[in-house]
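Visitor: Hello! I am new here, and I would like someone to walk me through what I am looking at.
Guide: With pleasure; let us bring it up on the screen.

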Amino acid sequence: MTSDELDNAPVLESVDALLIDDLSDDDKAKFMRAKVVPAMKAAFQKFDVKEFGKFNCKTCHGKGAITKEYDMPNPDLPELDFAELKAGKHGAMARFMKDVVTPGMAELLGQPERSPTDPDGFGCLECHVEKK
């Protein structure tokens, strides 16, 4: 399916009670373009319009986003050092990711947030690789 065809195709309104992994690649792309990208673009640009002025699929999925040749978690995103995060490094960005991005993505994907009581929920390591 071409980019124009994806832009003009009908869109799933939500993935409640669906697992994103159960969708076809085309349906995932339609859902991401119609629901996830606009919501996350607004959030990231509100946080830092200078840094995220050109927010699109590549922002999270990397240069293979359009051809669907990417890995998630994405090794090109900053690696997460949980000891540094616990020590308060990466301040505003870490708070933004924790307070806005993670719960926002969980909601958009119809998943709970990852927590000690729900280790299978959506969390940091869905997108980022952990620093070893």
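Visitor: In which crossing does α2 pass α5, left-handed or right-handed?
Guide: Before anything else, please keep in mind that this is a predicted model. The two helices to look for are α2, residues 25–47, and α5, residues 91–108. The crossing in which α2 passes α5 is right-handed.

Visitor: Are α2 and α5 roughly parallel or roughly antiparallel to each other?
Guide: Their axes are 11 Å apart, and the packing angle is about 160 degrees. Angles over 145 degrees count as roughly antiparallel. For α2 and α5 the word is therefore roughly antiparallel.

Visitor: Which residues of α5 are met by residues of α2?
Guide: On the α2 side, look for F31, K35, V36, A39, M40, A43, F44 and F47. Their partners in α5 are A92, M93, F96, M97, V100, V101, G104, M105 and L108.

Visitor: What pattern does the protein follow along the sequence?
Guide: The secondary structure comes to five helices and zero strands. Reading along the sequence, you therefore meet helix after helix, and the pattern is α-α-α-α-α.

Visitor: Which helix gives the largest share of the largest nonpolar core?
Guide: This core has 19 residues, and V36, M40, F44, V101, M105, L109 and F122 touch the most other members. Both α2 and α5 supply at least two residues of the core. The largest share is six residues, and the helix they come from is α2.

Visitor: Which residues does V36 touch, leaving out those up to four places away in sequence?
Guide: V36 is one of the core residues that touch the most other members. It is also among the α2 residues that meet α5. With residues up to four places away left out, V36 touches F31, M105 and L108.

Visitor: Is the pair of F44 and F96 stacked or edge-to-face?
Guide: A pair of aromatic rings is described by the distance of the centres and the angle of the planes. For F44 and F96, the centres are 5.0 Å apart and the planes stand at 85 degrees. Planes over 60 degrees apart count as edge-to-face. The pair of F44 and F96 is therefore edge-to-face.

Visitor: How many residues apart in sequence are the parts that this pair ties together?
Guide: F44 and F96 are both buried. F44 lies in helix α2 and F96 in helix α5, so the pair ties together parts of the sequence whose separation is 52 residues.

Visitor: Which residues do ring pairs link into a cluster?
Guide: The structure holds four aromatic pairs. Through ring pairs, a cluster is formed by F44, F47, F52, F55 and F96.

Visitor: Which residues does a cis peptide bond join?
Guide: Look in the loop between α3, residues 57–61, and α4, residues 82–86, where P73 is found. The omega of the cis bond is about 5 degrees. The residues it joins are M72 and P73.

Visitor: Does K68 count as buried, partly exposed or exposed?
Guide: K68 is also found in the loop between α3 and α4. Although it is not a glycine, K68 has a positive phi of about 60 degrees. Its relative accessibility is 36%, so K68 counts as partly exposed.

Visitor: And what is the relative accessibility of H90?
Guide: H90 sits in the loop between α4 and α5. Its phi is near 70 degrees, a positive value in a residue other than glycine. H90 counts as partly exposed because its relative accessibility is 49%.

Terms used
Residues numbered from 1 in each chain as written. Predicted model: local features only at pLDDT ≥ 70, side-chain atom pairs only at ≥ 80, totals over all residues. Heavy atoms only, no water. Core = buried A, V, L, I, M, F, W, Y, C linked by side-chain atoms within 4.5 Å. Buried < 20%, exposed > 50% of the residue type's maximum accessible area, 1.4 Å probe, protein only. Helix = DSSP H or I, 4+ residues; strand = E, 2+ residues; numbered from the N terminus. Contact = heavy atoms within 4.5 Å. Phe/Tyr/Trp six-rings, centres within 6.5 Å; stacked < 30°, edge-to-face > 60°. Axes fitted to C-alpha atoms, helices over the stretch in contact; angles between N-to-C directions. Parallel < 35°, antiparallel > 145°, perpendicular 65-115°, else oblique. Left-handed = near helix turned anticlockwise from the far one by under 90°.
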